[in-house]
Amino acid sequence: MTATLDYTKAEYADLVEGIAAFVKRKVVPLEEANRELLENSRLTFAEHGGYSAEVLDLMREVRMASAEAGYYSMFAPESVGGEGMGALALFSVWEGLSHLVGPGRLLPDQVIGHWTSGPSFLLGEVHPSLRDDVVDEVMSGAATVCFGMSEPDAGSDAWAMSTKAVRDGDGWVLNGTKQWTSNSKHAKYAFVWAVTDEDMKRERKGGISLFLVPTDTPGFAVDSVLRLFEHVGGNEGIVSLNNVRIPDTHLMGTLHQGFSLALKGVSNGRMYNAGHCVGMARWALEEATSYTKVRTAFGKPIADYQGVSFQLADSAMDIYASKTMSVDCARRLDAGEKALKELNIVKAYTTEACFRVFDRCMQVCGAMGLTNEMRFVAGWHFARMVRVADGTDEVMRRNIANSLRKGDVAF
């Protein structure tokens, strides 16, 4: 028997296998029947830059089928009908899914509820009077959400946000701008962070609250979709809030204490990114290794040349290190440790390693590695993006160094 990292309890291995079977049974036939729609970017995206109505319908179909199968909402809290699964499960299923499907496929990502657009711990903060509508829609996959935290002048330093919420009678009025808000063009509801006490915020002791905003509320608008890497469309939006009025029941969690909810979301995102990156890197290494065994140059397979084989070996080293540290960090989190230093290390290392792996795989495959056919470029784009999303490489290093200075030097 071959020894492997003992990170999956039996139920996680079964879960990963179940998701793989669902993808093959439900998602792959939809992809095959709609190949032109999903692979021709001029059909995938509408003129406004977001996904076309036809693609959104397919995404909804996958979400709702996955919810019925029990996969889509498994990371939502038990209080709203989810499974409340933890960090190790989060890493495991995203690693497994990403390893299975690789980059550049839209529909498989809809199988698992993403923390910024689908069922997450935040649904547990929704006011009880709204649960029959909002929570049920999101849990079923019928509707999605977006995560409105970053702003044009408040990215890495989220405490610099300027969006404000002012109490008005029995409700609130929101004004401000959000940027890099994933899924905002398609979401039915937005989780919006806003300043409710400027003095508390200035001292970084609170003063930021979280609100649930239906995106059809007057004054809420997605002004534009941000396109990355010269793509025809995208999924990141710039959102404006102009005198957006919502009732007091749309305050989520505790007044002035919404920042902790944002940090919890970002922490989930860092473990999600780790799983996604490790799985993607594994996919890339396997594809490149297979190619180098059959591609010949100067009379023998290119895998026989150290210039190629050493790059594959370096990639294997990156993947093993990434997976090992991710599993250790996830175990610590599930055991109740804060593991802030470790989580920052994991986010920085796994995203950078994934980028290195894709870059090497493109290189060893030569010109073919640059083609759409091999899909390495799509993975390279993904890997480059996640080195910025949910905390840049530089911010991660800053956080790690701060932990060290405070005396957290144990491993």
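**Helix packing and domain contact**

User: Are helix 8 and helix 11 roughly parallel or roughly antiparallel to each other?
Analyst: Helix 8 and helix 11 (residues 376-386) pack at about 150°, with axes 11 Å apart. Axes are lines fitted to C-alpha atoms, for helices over the stretch in contact, and angles run from 0 to 180 degrees between N-to-C directions. Angles under 35 degrees count as roughly parallel, over 145 as roughly antiparallel, 65 to 115 as roughly perpendicular and the rest as oblique. The verdict for helix 8 and helix 11 is therefore roughly antiparallel.

User: What kind of model is this?
Analyst: Numbering runs from 1 along each chain as its sequence is written, and side-chain values use heavy atoms, without hydrogens and water. Local features need pLDDT of at least 70, side-chain atom pairs count only at pLDDT 80 or more, totals for chains, interfaces and linings use all residues, and the model is predicted.

User: Which residues of helix 11 meet helix 8?
Analyst: Helices are DSSP runs (H or I, at least four residues), numbered from the N terminus. Contact means heavy atoms within 4.5 Å. Helix 8 brings eight residues, among them Asn 273, Trp 283 and Glu 287, if one reads its side of the contact. The partners in helix 11 are Phe 376, Phe 382 and Val 386.

User: How many nonpolar residues are in the contact of helix 8 with helix 11?
Analyst: Ala, Val, Leu, Ile, Met, Phe, Trp, Tyr, Cys and Pro count as nonpolar, Asp, Glu, Lys and Arg as charged, and the others, Gly among them, as polar. Two residues of this contact are polar and one is charged; the nonpolar ones number eight.

User: At what angle do helix 8 and helix 9 cross?
Analyst: Helix 8 covers residues 259-294 and helix 9 residues 306-334. Their axes come within 10 Å and cross at roughly 155°.

User: Is the crossing of helix 8 and helix 9 left-handed or right-handed?
Analyst: A crossing is left-handed if the near helix is turned anticlockwise from the far one by less than a right angle, and right-handed if clockwise. The contact includes Met 271 and Leu 285 of helix 8 and Leu 312 and Ile 319 of helix 9. Its residues divide into 13 nonpolar, five polar and two charged. The crossing is left-handed.

User: How many charged residues does the contact of helix 10 with helix 12 have?
Analyst: Helix 10 (residues 340-364) and helix 12 (residues 393-405) pack at about 150°, axes 9 Å apart. Among the contact residues are Lys 341 and Glu 352 of helix 10 and Asp 393 and Arg 397 of helix 12. Five are nonpolar and four polar, and the charged count is five.

User: What area is buried between domain 2 and domain 3?
Analyst: Domain 2 is 145-256 and domain 3 is 260-406, with bounds from an automatic or database domain assignment. Their C-alpha centres lie 31 Å apart. Buried area is the accessible area (1.4 Å probe) that two parts lose on being put together, summed over both. Carbon and sulfur atoms give 82% of a total of about 690 Å².

Terms used: Helices (H or I, at least four residues) and strands (E, at least two) are DSSP runs, numbered from the N terminus.
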